[in-house]
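User: Please take a close look at one strand of this model and tell me how it sits among its neighbours. After that, add what you can about the ligand site and the small sheet elsewhere in the chain.

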Amino acid sequence: MKQSVLVTKTRKEVPVDEVARNAKLLIRAGYIHKTMAGVYSFLPLGLRSLEKIIRIIREEMISIGGQELSMSGLQSPDVWEKSGRWGDDADEIWFRSHLSAGGDVGFGWTHEEPVTEMMRNHIHSYRDVPLYVYQFQTKFRNEKRAKSGIMRTREFMMKDLYSFCADEEQHAVFYEQCAEAYMRVFTRVGLGDDTYRTFASGGAFSDFSDEFQTVIPAGEDTIYLDPKKKIAVNEEVCTDETLEKIGLQKNDLERVAASEVGNIFTLGTKYSEPLDLTYTDAHGKPQPVFMGSYGIGPARLLGVIVEKYGEDSGMSLPMSVAPFSAHLIALGDSKETFTAADMLYRMLQEHGLDVLFDDRDVSAGEKFADCDLIGIPVRLVVSDKTHAQKKVEFTDKVNGGERLLDTTPDGILSAMKEVGFSPIQQAYA
Ligand code: ATP
Ligand code: MG
């Protein structure tokens, strides 16, 4: 992609109506556009990062046997009335509307009820389970707070997976596999070191649900973590009784702010009973299906990554989620230098590198400032000086370190691979 034709421009001014670092940086860098409080659109740069995150999650969900589908956003009250979640209470999370033909309709904020209802058509016998379905789908939630940028929005994409098992034993195996897949996702997007599996409330069947909490100062949650055991407890459930149950010592725990990047629940028969999702067991007896649900917010993940890898002047995103793997900058006034940079850009593209080429006629200062803001982890500079030596300057912005490389695509690609580039990363981007 040539920067001269990129839809978005960066901006110097910090948006005054944002408090969260992630929103300030992503708006300035041209990743997102604020539509209204708690609602953002994704621009080409932001969408490329989101797609890379989605791809990583998708690979991990496939690796544990998930099958992708996509359910409707519009929801019929009937199915939600059966579980009692259509209710109109003070904590109203629903966005609702009316059909012109008469009757109510809701904008889905999660999918336990509709997926349970739907699976009645597909699960009949014990041979039909276990089954795991997932989707990347837009949820609508009438959130009260909207101060955390893309970490908490009123319209957001969620990866939600639902598991359907014969019994608790079958469920427990998948639940652990999913917890491990979640940790692989967080590691691959650069959050592995700071993300803790966390005991939390909300288990419908079990004592706890498992949250995945990433430690960041801007996190909305408070957790108590045991750095040696690498597990944590959400403040909500951090009682003497809980600690005793899970074998943690109060004195070993650190109190920190964190953001919930994922959440997995054992639902048991909470939804299968009221919605009548049963299967016939080997003895011909009907049994309620044993369910679980597993969520990750890809955009919240991007927000948390920016909180971690950003500073006031800009960011350096992990290669696995940056919109491009390398940012090539042409400097100097000479036509030959520019032509050399342009040739290098084409060759790198042909060799499968996703590269943003700053081909604009603006000052070196402006190009470097934009490069710092946009946050692509590798910077390649072709200047009059490097061109005279037939070299390109290679900077690994994450780990530091500058060196001169020959302008051959092979040499540059092997340097890229050393800092984490993998050609697969860009297949969807
Ligand atoms: P929170 O306690 O932060 O409100 P939640 O418990 O309501 O989260 P779930 O319903 O379990 O979240 O949703 C699954 C995942 O979706 C969360 O772990 C998070 O990554 C993401 N998510 C939830 N709410 C939002 C939101 N308003 N904006 C962006 N992502 C969200
Ligand atoms: Mg919530």
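Analyst: A residue counts as buried when its relative accessible area is under 20%. The model is a predicted one.

By that cut-off, 5 of the 5 residues of strand E19, residues 326-330, are buried, so the strand is largely enclosed by the rest of the structure. In a regular strand the side chains alternate between the two faces of the sheet. Both faces of E19 are covered. Ala326, Leu328 and Ala330 are buried on one side, and His327 and Ile329 are buried on the other.

The pairing of E19 involves two strands that come later in the sequence, E20 and E21. Strand E20 covers residues 355-358 and runs parallel to E19, joined to it by 4 bridges. Within this pairing, Leu328 of E19 has Phe357 of E20 as its bridge partner. The connection is also described: E19, helix H8 (residues 335-350) and E20 make up a β-α-β unit, and the unit is right-handed.

Strand E21, residues 378-382, is likewise parallel to E19, and 5 bridges join the two. Here the bridge partner of Ile329 is Val381 of E21. Leu328 and Ile329, then, are both buried residues of E19, placed on opposite sides of the strand; the bridge partner of Leu328 lies in E20, and that of Ile329 lies in E21.

Next, the ligand site. Ligand 1 is surrounded by 16 residues, and the closest are Arg141, Glu143, Arg152, Thr153 and Glu260. For two of these, a polar side-chain atom is placed by an oxygen atom of the ligand: the distance is 2.8 Å for Arg141 and 2.5 Å for Glu260. Val261 contributes through its backbone instead, with an N or O atom 3.0 Å from an oxygen atom of ligand 1. Taken alone, ligand 1 exposes 590 Å², and the protein buries 84% of that area.

Last, the small sheet. Three strands form an open sheet in the order E4-E6-E5, with antiparallel pairing. The edge strands are E4 (74-75) and E5 (95-98), each of which pairs on one side only. E4 is joined by 2 bridges to E6, residues 104-107, and these two strands run antiparallel. In that pairing, Gln75 has Gly106 of E6 as its bridge partner. The pairing in this sheet is antiparallel, whereas E19 runs parallel to E20 and to E21.

Definitions and conventions:
Residues numbered from 1 in each chain as written. Chains lettered and ligands numbered in written order. Predicted model: local features only at pLDDT ≥ 70, side-chain atom pairs only at ≥ 80, totals over all residues. Heavy atoms only, no water. Buried < 20%, exposed > 50% of the residue type's maximum accessible area, 1.4 Å probe, protein only. Pairing = 2+ DSSP bridges. Right-handed = clockwise from strand over helix to strand, strands pointing away. Near = heavy atom within 4 Å. Polar contact = N/O pair within 3.5 Å; in protein donor to acceptor, adjacent residues only side chain to side chain. Areas by Shrake-Rupley, 256 points an atom, 1.4 Å probe, with all protein chains shown as cover.
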